[in-house]
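User: I should like to learn how to read the features of a structural model, one at a time. Could we begin with the surroundings of a bound molecule?

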Amino acid sequence: MNVTTISTTPYTDQKPGTSGLRKKVPTFQQPNYLENFVQSIFDSLQGYRGATLVVGGDGRYYNREAIQIILKMAAANGFGRILVGQNGILSTPAVSCIIRKHNAFGGIVLSASHNPGGPTEDFGIKYNIGNGGPAPEKVTSAIFDRTKTLSEYAILAAGDVDLDRLGTTQLGNTTIEIVDAVVDYAELMESLFDFDKIRKLLTSGNFRMCMDSLHAVTGPYATAIFEGKLGAPSGTVQNGTPLEDFGGGHPDPNLVYARDLVELLFGDNAPDFGAASDGDGDRNMILGRQFFVNPSDSLAILAANATLVPGYRNGLAGVARSMPTSAAVDRVAAKLGIDCYETPTGWKFFGNLLDAGKATLCGEESFGTGSDHVREKDGLWAVLFWLNILAATGKSVEEICQEHWAAYGRNYYSRHDYEAVDKQSAAELMERLRGMLCDLPGKEWGPFEVEYADDFSYTDPVDGSVAEKQGIRIGMTDGSRMVFRLSGTGTQGATLRLYLESFEPDSAKHHLDPQTALASLIALADELAKIRKFTGREKPTVTT
Ligand code: VG1
Ligand code: CO
């Protein structure tokens, strides 16, 4: 075996964020940049000699090059077997599924998720542990520490592996298996949902759906599942071929970036159901005819209706949501008499709760929902969950939501993103707010009186690890709340996220546009945090 050891010097900027290391492609293309990070991953792990690694990505620009480097390094570092998605493609939830199913030691996911792709756009790399989930903080900080001292890496001198042909090849002493990207994942979905019922709905002739894969990774999965297994007419999946630049768009399933789908669902003769997914397939947006389902509501609705789905027939052990996600699911948990956990932003914080059997469903306001079937959020899983509910109840998306609000009250919710703002000014805004926190409780503005104001800190109930400074929360006595956070996935300047929420128990007042319902809270947020002043922006870049 021809292992070479290459000397290298550390980069100082390889700190993983909310979900792995994300940078512009040219940053990753610097000499040894990717190699340094990959070697740092391996150096911070123990006991993987001879074990299995799973590798795949969302197909974006630089995916294939990165995979070739990773395969040769993993072989040089002593992995016994590497499972790679055909064409280098694996969605994030599929990686999680394959790690679990094949008892792999871990996996490497190549994606910058919802961020654009292309030669000058974003790339990313993330390590997942043996439970199939994102590496927890103690692992990512060990990786980061290692990047600061690394002086060499090991790589095999070998030709490229053919990523397109299914089957087994040998790279030094390591077996490389090019696996079908879809099969294991589709099988898992079939084991959870009532495919017969969903098939009946989709082939009944009076139900139409449209799935927009935004030229990203879910295309092959969605086509195989909806058009293949479930019999939906061909053309149900739009933009179903993964492209290196996602057709020039943002593969981000929200009202702004999935515009074509939104226009279709809000246009004349709209389909009954629309859904979209992000770059790496872990997010979802759900639309009904002329109706948008807020992701926080979606989590609550899935929880409330879980027993309609075969995989959750016996009920839920508990639920979990990220702190900025609305409290809609808390109300469902209270009614069901199960625990509801509040975690920091990022899926890695759900892993312990899922492993310990404390939570069955988890979700984030950022269009992410999932369950204990894998250890990642899962876009198509959420779409199938909704279809299963629609098929089991015969109701429309809008009816399901309206009835949910009538039963539980409505948590009006919105997120305002100020993208690519000046880093320094964004940091100052947050520092200034932090300095104000002790004086806020008891203060009154119009209908609002501050009940609490803090910087969210989380103690993991399973391993006791603590995560601090996870977002500034200002909660009012009437249940309204505003949260300020800086994004940990952006690659340009800083992104300020403002999360807004209020609670309306009266169903006569459930028809408002969230921006209208939240108007006075939005104005107060700007007054308190001086958002316009610090960002230099009159309005958010993206409002969802
Ligand atoms: C964002 C979302 C967060 C999500 C993360 C990764 O992080 O807010 O909820 O878990 O992206 O999602 P941030 O730090 O930018 O707010 V994905 O689909 O990029 O893997
Ligand atoms: Co994603």
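User: Which residues are the closest to ligand 1, and how many surround it?

Analyst: One begins by listing the residues that have a heavy atom within 4 Å of the molecule. In this predicted model, ligand 1 is surrounded by 21 residues. The closest are Thr-18, Ser-113, Ser-366, Thr-489 and Arg-497.

User: By class, what residues make up the shell around ligand 1?

Analyst: The shell holds ten polar and eleven charged residues, and no nonpolar ones. The space that ligand 1 takes is the largest cavity.

User: Which side chains have a polar atom at a short listed distance from an oxygen atom of ligand 1?

Analyst: For such contacts one looks for pairs of N or O atoms within 3.5 Å. Thr-18 has a polar side-chain atom 2.5 Å from an oxygen atom of ligand 1. For Arg-22, a side-chain N or O atom is 2.8 Å from an oxygen atom of the ligand, and for Asp-278 the corresponding distance is 3.1 Å.

User: What are the protein donors of the cobalt ion (ligand 2)?

Analyst: A metal site is read from its donor atoms, here those within 2.8 Å of the metal. The cobalt ion has Ser-113 (OG), Asp-278 (OD), Asp-280 (OD) and Asp-282 (OD) as protein donors, at 2.0 to 2.1 Å. Ser-113 is also among the residues closest to ligand 1, and Asp-278 has the contact with ligand 1 described above.

User: How are the donor residues spaced in sequence?

Analyst: Their spacing is S-x164-D-x1-D-x1-D. Ser-113 belongs to the loop between β5 (106-110) and β6 (122-128), whereas Asp-280 belongs to the loop between β12 (273-277) and β13 (284-288), so this pair ties together parts 167 residues apart in sequence.

User: Are Ser-113 and Asp-280 buried or exposed?

Analyst: Burial is judged by a relative accessible area under 20%. Both Ser-113 and Asp-280 are buried.

User: Turning to the backbone, why does a positive phi deserve attention?

Analyst: Most residues other than glycine have a negative phi, so a positive value stands out. Leu-214 has a phi near 50 degrees and lies in the loop between β10 (209-212) and α8 (218-229). Phi of Lys-530 is also near 50 degrees; Lys-530 is found in the loop between α17 (519-529) and α18 (531-535).

User: What is the relative accessible area of Leu-214, and what is that of Lys-530?

Analyst: Leu-214 is buried, at 10%, while Lys-530 is partly exposed, at 36%.

Definitions and conventions: Residues numbered from 1 in each chain as written. Chains lettered and ligands numbered in written order. Predicted model: local features only at pLDDT ≥ 70, side-chain atom pairs only at ≥ 80, totals over all residues. Heavy atoms only, no water. Donors = N, O, S within 2.8 Å, 3.2 Å for Na, K, Ca; no water. Helix = DSSP H or I, 4+ residues; strand = E, 2+ residues; numbered from the N terminus. Buried < 20%, exposed > 50% of the residue type's maximum accessible area, 1.4 Å probe, protein only. Polar contact = N/O pair within 3.5 Å; in protein donor to acceptor, adjacent residues only side chain to side chain. 1 Å grid on protein atoms, 1.4 Å probe; cavity = no way out; pocket = protein on both sides within 12 Å on 5 of 7 lines; lining within 4 Å. Sits in = over half its atoms within 2 Å of the grid points. Nonpolar A, V, L, I, M, F, W, Y, C, P; charged D, E, K, R; others polar.
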